[in-house]
Amino acid sequence: MRLPNTAHTSRPWRIHELTRDFRLEDVWALPTPGGRDDFPRLVQGLASGDPSRSSSRVVRTLFAIRWKVGELLGWDGPDVSLASRVPTLRDRLPVDLRDAPSGPDFNALPFTSLYLIDDEWAAETANRTMHGVMHIGWVQDQKGGYRGQMAVYVKPNGRLGIAYMAAIRPFRHLIVYPQMMRQIGRQWRTQRRLGSSARANTSR
């Protein structure tokens, strides 16, 4: 479910210290109900995701088109990535976050983890169109449980970046993110069932 920006900006996340010159593009509630200690499992699951293998044919097609266009136009080469076109946000980390674990490596998506603490994880990406940040928080709900919350920051790269972000916005909001939320929810429920079965077998 898409949330108002205030659902993110009203919380004292550490990411605010790093993204003052970025635009908050989206905030989404993740369908990942859990307990206080389930955040690492969410982080690992998201880092291992691969949209090109999504259960949604539409999402697979959109990502395939994006990667092909990026290849043809040179949007994603090493010369326009982190530390080439833009400096990494790790250069902005305060000492305590720099000393914290950076977080997991990504299996398929072109993101690099920035920091991982008890209830926050942030990762960044850059290409010819923009510099982006994905922030995942672990928030308490009204019933005393927890769930994930995702925020996306962007800094468009000139007119190309502004036009690109405007062009993909309807696809992200109407197709990509809703489908991703469904898949994340299905994977989360499957992981919880498998975890419960494993614990039950161990206790016997």
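Here is a walk through the charged side chains of this structure, from its salt bridges to a patch of arginines. Keep in mind that the model is predicted.

Let's start with the overall tally: searching the whole structure turns up ten salt bridges. One of them joins arginine 14 and aspartate 96, whose side chains meet at 2.7 Å, N to O. This pair links distant parts of the chain, since the two residues are 82 apart. Arginine 14 sits in the loop between helix 1 (6-9) and strand 1 (23-29), while aspartate 96 belongs to helix 4 (residues 95-99). How accessible is aspartate 96? Its relative accessibility is 44%, so aspartate 96 counts as partly exposed.

Now move over to strand 1 and helix 5. The side chains of arginine 169 and glutamate 25 form a salt bridge, at 2.9 Å from N to O. Arginine 169 is in helix 5 and glutamate 25 is in strand 1, so this contact ties together parts that lie 144 residues apart in sequence. The two partners fall into separate burial classes: arginine 169 is partly exposed at 28% relative accessibility, whereas glutamate 25 is buried at 7%. The cut-off behind that split is simple, because buried means under 20% relative accessible area.

A second bridge connects these elements too. Arginine 172 and aspartate 26 meet through their side chains at 2.3 Å, N to O. Again the arginine is in helix 5 and the acid in strand 1, so the pair ties together parts 146 residues apart in sequence. Are these partners buried or exposed? Arginine 172 is buried, with a relative accessible area of 10%, and aspartate 26 counts as buried with a relative accessibility of 0%.

Zoom out a little and these two bridges turn out to belong to a network. Arg2, Arg23, Glu25, Asp26, Arg169 and Arg172 are all linked in it by salt bridges.

Finally, follow helix 5, which covers residues 158-203, to arginine 186. What does arginine 186 gather with on the surface? Together with Arg182, Arg189 and Arg193, Arg186 makes up a patch of positive charge there. A residue needs over 30% relative accessible area and no salt bridge to be part of such a patch. Arginine 186 has a relative accessible area of 36%, so it clears that area cut-off and counts as partly exposed. Helix 5 therefore holds arginine 169 and arginine 172, with their salt-bridge partners in strand 1, and also arginine 186, one of the residues in the positive surface patch.

Methods. Residues numbered from 1 in each chain as written. Predicted model: local features only at pLDDT ≥ 70, side-chain atom pairs only at ≥ 80, totals over all residues. Heavy atoms only, no water. Patch = residues over 30% accessible without salt bridge, like charges linked within 9 Å, V, L, I, M, F, W, Y side chains within 5 Å. Areas by Shrake-Rupley, 256 points an atom, 1.4 Å probe, with all protein chains shown as cover. Salt bridge = Lys/Arg side-chain N within 4 Å of Asp/Glu carboxyl O. Lys, Arg positive; Asp, Glu negative; His and termini not counted. Charge placed at Lys NZ, Arg CZ, Asp CG, Glu CD. Helix = DSSP H or I, 4+ residues; strand = E, 2+ residues; numbered from the N terminus. Buried < 20%, exposed > 50% of the residue type's maximum accessible area, 1.4 Å probe, protein only.
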